[in-house]
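Could you show me around this model in my viewer, one selection at a time? I would like to know what to pick next and what I will find there.

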Amino acid sequence: MPIKTIKSPGTGNEHEKQAKVRRSGKKGSRGKMKQGFDDVMEKVQKCGRKTVAVSVAQDSAVLEAVKEAKARGIADAILVGDEEKIREVAASIDMDLSGYEIIHEPDMIAASLKAVKLAHDGKADMYMKGLIDTKDFLKSVLDKEVGLRTGKPLSHVCVFEIPGIDRLLFLTDVAFMTYPTLEDKVNIIKNTIPVCNACGVDMPKIAPLAAVEVVNPKMPATVEAAELSKMCEEGQIPGCIIDGPLSLDLAIDPEAAKHKGATDRKIQGDADVLLFPDIHAGNLVYKAIVHMVKMRNGCILTGTKVPVILTSRSDTFETKVNSIALAAVVAEELKKNS
């Protein structure tokens, strides 16, 4: 099938309209109030108080986020690591540790195993990376005895609140799975649906992305996207709506969908989830948004027994706090469905 080459129209007017809707407090294009991280924070307050286990907690950026999360009523924390260093770092950021449990373990690997065991044993609802290399942190997550394996592949989801878009956007996978197979993509979707549900999206619209919105046998991403859509229609992937392949503009911009004549699609610029064909596409879009757009976001690792907060040292303070809040509502959702 030939590839369509249709020039995408400009979308500035539509984004300005949506921005005005947000400022005026009116309903957006989907007939509901704009949703963002304030809604997630509000939902956190309705959940039971959560606890996060922090692996190798002697990290100032992480402790600042944990301190703020506790102050906002998002979550308490158990700090695992070198107690002397934890207290030293806490003093440097004026953090009162009287309300925290501290488990002394100077060895980083041993500390990560003790921290993850708290989540494994149900003593913590979330597991968070501190001052430890990502590969060592992930080894603790995958540990056969005390880790958080569920038998499902792990995947990463990042949730964005972006100006001009009337809903939260869920991007996956932008950090963990490199070249997901069709089966992997099914698992990524199944991992992401509870995250959407936890954030108030009951029947998420999922857009498997490609460079074009038509199937082309020479472009495997389009073939797999169509297969995912078919599997959803046949009931093999319940709890969502899948429409692919879709180009990025058709997935997120109603005006582009209208101009391209895509009025027969299940998704017409109103996708909730952007499913990327590989890590390159996902990571580039993720970093473009983070570094070029004023937005709010939070990220977690899914497919685990409890949500895993795997933030980068380059992530902002707010992103870390948002990630803890996101993990809290997802932990509540997983508990509800267990």
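Start by selecting Asp-38 and Arg-296, which form a salt bridge with their closest N and O atoms 3.1 Å apart. Keep in mind as you look that this is a predicted model. The two partners come from distant parts of the chain: Asp-38 sits in helix α2 (residues 37-44) and Arg-296 in strand β10 (residues 296-302), 258 residues apart. Now switch on the surface. Asp-38 counts as exposed because its relative accessibility is 53% and the cut-off is over 50%. Arg-296, at 19% relative accessibility, counts as buried, since that term covers values under 20%.

Next, add Glu-161 and Glu-318 to your selection. Together with Asp-38 and Arg-296 they are linked in a network of salt bridges.

Stay with α2 and bring up helix α12 (residues 317-337). The axes of α2 and α12 come within 9 Å of each other and cross at roughly 50°, so the two helices are oblique to each other. If you turn the view to look along the contact, you will find that the crossing of α2 and α12 is left-handed. To see what fills this contact, show side chains on both sides. From α2, pick Phe-37, Val-40, Met-41, Lys-43 and Val-44; from α12, pick Val-321, Asn-322, Ala-325, Leu-326, Ala-328 and Val-329. Coloured by type, these residues of the α2 and α12 contact divide into nine nonpolar, one polar and one charged.

While α12 is on screen, move along to Glu-333 and Lys-336. Their side chains meet in a salt bridge, at 3.2 Å from N to O. How far apart are Glu-333 and Lys-336 in helix α12? They are three residues apart, and therefore separated by about one helical turn. The surface tells two stories here: Glu-333 is buried at 8% relative accessibility, whereas Lys-336 is exposed at 59%.

Another salt bridge is worth a stop. Select Asp-166 and Arg-167, whose side chains meet at 3.0 Å, N to O. Are these two buried or exposed? Asp-166 counts as buried, with 3% relative accessibility, and Arg-167 is buried as well, also with a value of 3%. If you would like to keep hunting for such pairs, the structure holds 21 salt bridges.

Now for a second pair of helices. Select α5 (residues 108-120) and α6 (residues 134-141), which pack at an angle of about 40° with their axes 9 Å apart. α5 and α6 are therefore oblique to each other, and their crossing is right-handed. Show the side chains at the contact: Ile-109, Ser-112, Leu-113 and Val-116 in α5 meet Asp-136, Ser-140 and Val-141 in α6. By type, the residues of this contact divide into four nonpolar, two polar and one charged.

For the last stop, centre the view on Thr-222 in helix α8 (residues 220-233). With a relative accessible area of 0%, Thr-222 is buried. Which residues surround it, leaving aside neighbours within four places in sequence? Thr-222 is in contact with Ala-210, Val-212, Val-214, Val-215, Asn-216 and Pro-245. Select those residues along with Thr-222, and you have the final view of the tour.

Key: Residues numbered from 1 in each chain as written. Predicted model: local features only at pLDDT ≥ 70, side-chain atom pairs only at ≥ 80, totals over all residues. Heavy atoms only, no water. Axes fitted to C-alpha atoms, helices over the stretch in contact; angles between N-to-C directions. Helix = DSSP H or I, 4+ residues; strand = E, 2+ residues; numbered from the N terminus. Parallel < 35°, antiparallel > 145°, perpendicular 65-115°, else oblique. Left-handed = near helix turned anticlockwise from the far one by under 90°. Contact = heavy atoms within 4.5 Å. Nonpolar A, V, L, I, M, F, W, Y, C, P; charged D, E, K, R; others polar. Salt bridge = Lys/Arg side-chain N within 4 Å of Asp/Glu carboxyl O. Buried < 20%, exposed > 50% of the residue type's maximum accessible area, 1.4 Å probe, protein only.
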